[in-house]
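The exercises below introduce a protein structure through worked solutions. Please look over the sequence and the structure before starting.

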Amino acid sequence: MGVKVKATLGTEKYYTEVIAGENTLITDEPVDKGGGNKGFNPFEILATSLASCTAATLRMYIDRKGWDIPVINVEVDLENFPQTKTAQFCRVIDFGTTAISEDIRDKLSKIADACPIHKILTNNIDILTKI
């Protein structure tokens with residue numbers, strides 16, 4: 001599945017409108033980085049991609065199985081280490097007050113790792129740039 005987004009940044013630092021199909025979101029930088037903090041920063045967008053994809057993938061599986069799990073919470077912390085060119089995502093998943101057996105918990109852990117964004121982030125990535 002191909003995805004195309006367009007980011008447009010004018011003269012207001014660093015307020016950026018990003019369009020994907022019929023949807024628009026705003027990204028910005030925090031005030032301490034010179035932005036206006038009017039939207040998610042790029043690191044937050046990256047972590048959001050993993051969190052939302054994980055939640056959606058789990059919901060699809062849970063619904064297909066017919067399990068009564070009404071709430072899926074996915075929290076992602078992203079740490080970037082530019083000096084070593086590494087990053088670490090810490091993903092914590094919980095299901096609110098719903099009691100989950102260990103067997104189901106193990107299955108859901110495997111399904112979380114099957115989310116498409118998780119797969120992209122753990123594979124080789126090429127970035128081709130044209131100017």
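**Exercise 1.** By about how many helical turns are Asp103 and Lys107 separated in helix α2?

*Solution.* The model is a predicted one, in which local features need pLDDT of at least 70, side-chain atom pairs count only at pLDDT 80 or more, and totals for chains, interfaces and linings use all residues. Residues are numbered from 1 along each chain as its sequence is written, and side-chain values use heavy atoms, with hydrogens and water left out.

Step 1. Helices (H or I, at least four residues) and strands (E, at least two) are DSSP runs, numbered from the N terminus. Asp103 and Lys107 are 4 residues apart in helix α2, so about one helical turn separates them.

Step 2. A salt bridge requires a side-chain nitrogen of Lys or Arg within 4 Å of a carboxyl oxygen of Asp or Glu. Asp103 and Lys107 form such a bridge, with the closest N and O atoms 3.4 Å apart.

Step 3. Residues are called buried under 20% relative accessible area, exposed over 50%, and partly exposed in between (1.4 Å probe, protein chains only). Asp103, at 47%, is partly exposed, and Lys107, at 36%, is partly exposed.

**Exercise 2.** Determine how many salt bridges the whole structure holds, and describe the one formed by Asp63 and the one formed by Arg91.

*Solution.* Step 1. Side chains of opposite charge can pair when their charged atoms come close. The search of the whole structure yields 4 salt bridges.

Step 2. Asp63 is bridged to Arg59, at 3.2 Å from N to O. Both residues belong to helix α1 and stand 4 residues apart, about one turn of the helix. Asp63 has a relative accessibility of 48% and is partly exposed; Arg59 is partly exposed at 24%.

Step 3. Arg91 pairs with Asp113, and their closest N and O atoms are 2.6 Å apart. Because Arg91 lies in strand β5 (residues 86-94) and Asp113 in helix α2, this pair ties together parts that are 22 residues apart in sequence. Arg91 is partly exposed at 22%, as is Asp113 at 36%.

**Exercise 3.** Identify the residues with the most contacts inside the largest nonpolar core, and state which elements supply at least two residues each.

*Solution.* Step 1. A nonpolar core is a set of buried Ala, Val, Leu, Ile, Met, Phe, Trp, Tyr and Cys residues joined through side-chain atoms within 4.5 Å. The largest one has 18 residues, and those with the most contacts inside it are Leu58, Ile62, Ile69, Ile72, Val76, Phe95 and Leu108.

Step 2. At least two core residues come from each of α1 (42-65), β4 (73-81) and α2 (102-113). The largest share, 7 residues, is supplied by α1.

Step 3. Contact means heavy atoms within 4.5 Å. Beyond its neighbours within four places in sequence, Phe95 contacts Leu58, Ile62, Ile69, Val71, Ile72, Ile100 and Leu108.

Step 4. Val76 is placed in strand β4 and is buried at 15% relative accessibility. With residues up to four places away in sequence not counted, Val76 touches Ala47, Leu50, Ala51, Phe89, Cys90 and Arg91.

**Exercise 4.** Decide whether Thr54 is buried or exposed, and list its contacts.

*Solution.* Step 1. Thr54 is in helix α1. Its relative accessible area is 0%, so Thr54 is buried.

Step 2. Not counting residues up to four places away in sequence, Thr54 touches Val74, Arg91, Ile93, Ala112 and Cys115.

**Exercise 5.** Describe the geometry of the aromatic pair.

*Solution.* Step 1. Rings of Phe, Tyr and Trp (its six-membered ring) pair if their centres lie within 6.5 Å; planes under 30 degrees apart count as stacked, over 60 as edge-to-face and the rest as tilted. The count by this rule is 1 aromatic pair.

Step 2. Tyr61 and Trp67 make up this pair, with 5.6 Å between centres and 75° between planes, an edge-to-face arrangement. Tyr61 is buried at 12% relative accessibility, whereas Trp67 is partly exposed at 22%.

**Exercise 6.** Locate the cis peptide bond, and compare the settings of Asn37 and Lys85.

*Solution.* Step 1. The cis peptide bond joins Lys13 and Tyr14, with omega about -25°. Tyr14 lies in the loop between β1 (6-9) and β2 (16-20).

Step 2. Asn37, although not a glycine, has a positive phi of about 55°. Asn37 sits in the loop between β3 (23-27) and α1 and is exposed at 51% relative accessibility.

Step 3. Lys85, also not a glycine, has a positive phi of about 55°. Lys85 belongs to the loop between β4 and β5 and is exposed at 78%.
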